[in-house]
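Subject: Handover of a structure and notes on its features

Dear colleague,

Please find below the structure that I am handing over to you. I would be grateful if you kept it open while reading the notes.

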Amino acid sequence: MDIGAMMFVTDYSMRPDELARALEERGFESMWVPEHTHIPTNRISPWPGGPDLPQMYWHTYDPFVALTAAAAVTTNLKLGTGICLMIERDPITTAKEVASLDLISNGRFIFGIGGGWNAEEMQDHGTNFRRRWRILRENILAMKAIWTEDEPEFHGQYVNFDKCWAWPKPAQKPHPPKLNRG
């Protein structure tokens with residue numbers, strides 16, 4: 001049985017590189033980190049975990065920075081986002097981050113994605129909460145084109161770009177495994 005660990009790596013927690021090293025030494029299969037760019041103080045959206053949102057939600061590292069630090073000090077530990085809020089990200093930039101991390105880690109990245117629960121956080125990124133699942137789907141389709149085509153282009157309702165060159169491509173073919181979550 002493979003066992004992974006998920007932790008909110010924050011500016012006051014164990015560093016992500018130290019955590020990764022400790023997990024690999026202890027035989028864990030994977031390390032997962034979540035994403036929240038910020039938490040609006042006027043938050044109305046209820047946290048699914050209860051009435052009080054823990055402080056770690058607004059202290060998280062950027063997941064790609066944290067996982068790159070983890071990749072640099074490990075050789076076998078799989079590295080995953082749990083979850084990446086693609087509805088708050090630019091798909092072209094994130095496609096490059098994912099491909100770069102997958103190459104640096106020698107194909108150990110797992111791309112956990114989701115639509116999120118915090119409407120106010122999404123709004124600050126210009127994302128309509130009600131359309132988040134359609135936006136998420138289109139962002140992923142655009143990223144898949146970038147990862148698998150030499151001259152990708154994408155023309156959708158939310159993502160639109162003409163033919164371009166975008167390297168590196170991920171180590172895993174056709175792209176890192178994608179896990180859909182909430």
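The notes that follow describe what was found in this structure, element by element.

Please bear in mind that this is a predicted model.

**Helix α1 and its surroundings**

A convenient starting point is helix α1, which spans residues 16-25. Its buried residues are P16, D17, L19, A20, A22 and L23. These buried residues pack against β1 (4-6), β2 and α2. One of the residues in the helix is L23, which counts as buried because its relative accessibility is 7%. Beyond its neighbours within four places in sequence, L23 is in contact with A5, F28, S30, M31 and L77. In the case of A5, the two residues are 18 residues apart along the chain, and their C-alpha atoms are separated by 7.8 Å. After the helix comes G27, which has a positive phi near 85°.

R15 is found in the loop between β1 and α1. Its relative accessible area is 45%, so R15 is described as partly exposed. The C-alpha atoms of R15 and G115 are separated by 27 Å, the two residues being 100 residues apart along the chain.

**Salt bridges**

How many salt bridges does a search of the whole structure find? The search finds seven. Side chains of opposite charge can pair when their charged atoms come close. Three of the pairs are described here.

- R15 and E18 meet through their side chains, at 4.0 Å from N to O. E18 has a relative accessible area of 35% and is therefore partly exposed.
- E29 forms a salt bridge with K78, and their closest N and O atoms are 3.5 Å apart. E29 lies in the loop between α1 and β2 (30-33) while K78 belongs to strand β3, so this pair ties together parts that are 49 residues apart in sequence. K78 has a relative accessibility of 36% and so counts as partly exposed.
- D62 and R89 form a salt bridge through their side chains, with an N to O distance of 3.3 Å. This pair also links distant parts of the chain, with D62 in the loop between β2 and α2 (63-72) and R89 in the loop between β3 and α3, 27 residues apart.

Are the two partners of this last pair, D62 and R89, buried or exposed? D62 is partly exposed, since its relative accessible area is 32%. R89, in contrast, is buried, with a relative accessible area of 14%. Both residues belong to a network of salt bridges that links E35, D62, R89 and E97.

**A buried charge without a salt bridge**

E88 deserves a separate note. The residue lies in the loop between β3 (78-81) and α3 (91-104). E88 is buried, yet it has no salt bridge. Which side chain of opposite charge is nearest to E88? It is R89, at a distance of 7.3 Å. A salt bridge requires a nitrogen within 4 Å of a carboxyl oxygen. Leaving aside neighbours within four places in sequence, E88 is in contact with T37, E121, M122, H125 and T127.

**A negative surface patch**

On the surface, E149, D150, E151, E153 and D162 form a negative patch. D162 lies in the loop between β6 (160-161) and β7 (178-181). D162 is classed as exposed because its relative accessible area is 55%.

**Backbone features**

The loop between β6 and β7 also contains P168 and P174. A cis peptide bond joins W167 and P168, with omega about 5°. The peptide bond from K173 to P174 is likewise cis, with omega near 5°.

Where is N106 placed? It lies in the loop between α3 and β4 (109-114). N106 is not a glycine, yet it has a positive phi of about 60°. With 67% relative accessibility, N106 counts as exposed.

I hope that these notes are of use as you begin to work with the structure.

Yours sincerely,
A colleague

Conventions. Residues numbered from 1 in each chain as written. Predicted model: local features only at pLDDT ≥ 70, side-chain atom pairs only at ≥ 80, totals over all residues. Heavy atoms only, no water. Patch = residues over 30% accessible without salt bridge, like charges linked within 9 Å, V, L, I, M, F, W, Y side chains within 5 Å. Areas by Shrake-Rupley, 256 points an atom, 1.4 Å probe, with all protein chains shown as cover. Lys, Arg positive; Asp, Glu negative; His and termini not counted. Charge placed at Lys NZ, Arg CZ, Asp CG, Glu CD. Helix = DSSP H or I, 4+ residues; strand = E, 2+ residues; numbered from the N terminus. Buried < 20%, exposed > 50% of the residue type's maximum accessible area, 1.4 Å probe, protein only. Contact = heavy atoms within 4.5 Å.
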